[in-house]
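Visitor: I would like a close look at a single part of this protein, with its surroundings described one after another. Please take it slowly, and keep to what can be read from the model.

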Amino acid sequence: AEQLATFFCDKAIPLAEQNAEGAQRIYEAGEEGVLSVIDAQRELHAMRKSYIGVLRDYHIAKAELEQAMGGRIVTMSQGDT
């Protein structure tokens, strides 16, 4: 789940944002209709919604693991600070 969340944050969402921005520019140039902009924005929102679901699943799994182990899990980012 952590790797999937990282993928969404680092790759999928930025790509969807670029796609939405590109669709907006093409629409403003008069080369495409508004439906391409709406589709790109819908895809971006779906990607963000999926990312939120992945984060939820990650934190639930982490909490369940901590409960099963009887304590907090120290991750690299927490241990370094």
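Visitor: What is the relative accessible area of Val34, and how should that residue be classed on the scale from buried to exposed?

Guide: Val34 has a relative accessible area of 41%, which makes it partly exposed, since a residue would have to fall under 20% to be buried or rise over 50% to be exposed. Before building on that value, please bear in mind that this is a predicted model, with an average pLDDT of 89 over the protein and a score of at least 70 for 90% of the residues. Confidence is highest in helix α1, at a mean of 96, and lowest in helix α3 (residues 76–80), where the mean is 47. Where pLDDT is low, the predicted coordinates should not be read in detail. For that reason I leave helix α3, with its mean of 47, out of the closer description.

Val34 belongs to helix α2, which covers residues 34–69. To give an idea of distance along the chain, Val34 and Tyr58 are 24 residues apart, and their C-alpha atoms are separated by 36 Å.

On the surface, Val34 joins Tyr27, Leu35 and Ile38 in making a nonpolar patch of about 360 Å². The greatest contribution to this patch comes from helix α2, which gives three residues. Ile38, which also has its place in helix α2, is partly exposed like many a patch member might be expected to be under the rule applied, with a relative accessible area of 36%; the rule asks for over 30%, so Val34 at 41% passes it too.

Charged side chains come next, and the whole structure contains three salt bridges. In one of them, the side chains of Arg42 and Asp39 meet at 3.2 Å, N to O; these two residues are three apart in helix α2, and therefore about one helical turn separates them. Arg42 counts as exposed, at 53% relative accessibility, whereas Asp39 is partly exposed, with a relative accessible area of 44%. A further salt bridge brings together the side chains of Asp57 and Arg56, again given from N to O, at 3.0 Å, and Asp57 counts as partly exposed at 40% relative accessibility.

The salt bridge between Arg48 and Glu17, with 3.0 Å from N to O, reaches from one helix to another. Arg48 lies in helix α2 and Glu17 in helix α1 (residues 2–28), so this pair ties together parts that are 31 residues apart in sequence. Both partners are partly exposed, Arg48 with a relative accessible area of 34% and Glu17 with one of 29%. Arg48 can also be placed against Gln3, from which it is 45 residues away in sequence and 16 Å away in space, C-alpha to C-alpha.

Aromatic side chains provide another link between the helices, and the structure holds two aromatic pairs. Phe7 and Phe8 form an edge-to-face pair, with 6.1 Å from centre to centre and 70 degrees between the planes. Phe7 counts as partly exposed at 43% relative accessibility, while Phe8, at 10%, counts as buried. Phe8 also pairs with Tyr51, this time in a tilted arrangement with centres 6.4 Å apart and 40 degrees between the planes. That pair links distant parts of the chain, as Phe8 sits in helix α1 and Tyr51 in helix α2, 43 residues apart. Taken together, the ring pairs link Phe7, Phe8 and Tyr51 into a cluster.

From these rings one can pass to the interior. In soluble globular proteins, nonpolar side chains tend to be buried together. Here the largest nonpolar core has 13 residues, and those with the most contacts inside it are Phe8, Ile13, Leu44, Met47 and Tyr51. Helices α1 and α2 each supply at least two residues of this core, and its largest share, seven residues, comes from α1.

Returning to your residue, Val34 is thus a partly exposed side chain of 41% relative accessible area, placed in helix α2 and counted in the nonpolar surface patch with Tyr27, Leu35 and Ile38.

Terms used: Residues numbered from 1 in each chain as written. Predicted model: local features only at pLDDT ≥ 70, side-chain atom pairs only at ≥ 80, totals over all residues. Heavy atoms only, no water. Patch = residues over 30% accessible without salt bridge, like charges linked within 9 Å, V, L, I, M, F, W, Y side chains within 5 Å. Areas by Shrake-Rupley, 256 points an atom, 1.4 Å probe, with all protein chains shown as cover. Salt bridge = Lys/Arg side-chain N within 4 Å of Asp/Glu carboxyl O. Helix = DSSP H or I, 4+ residues; strand = E, 2+ residues; numbered from the N terminus. Buried < 20%, exposed > 50% of the residue type's maximum accessible area, 1.4 Å probe, protein only. pLDDT = per-residue confidence, 0-100. Phe/Tyr/Trp six-rings, centres within 6.5 Å; stacked < 30°, edge-to-face > 60°. Core = buried A, V, L, I, M, F, W, Y, C linked by side-chain atoms within 4.5 Å.
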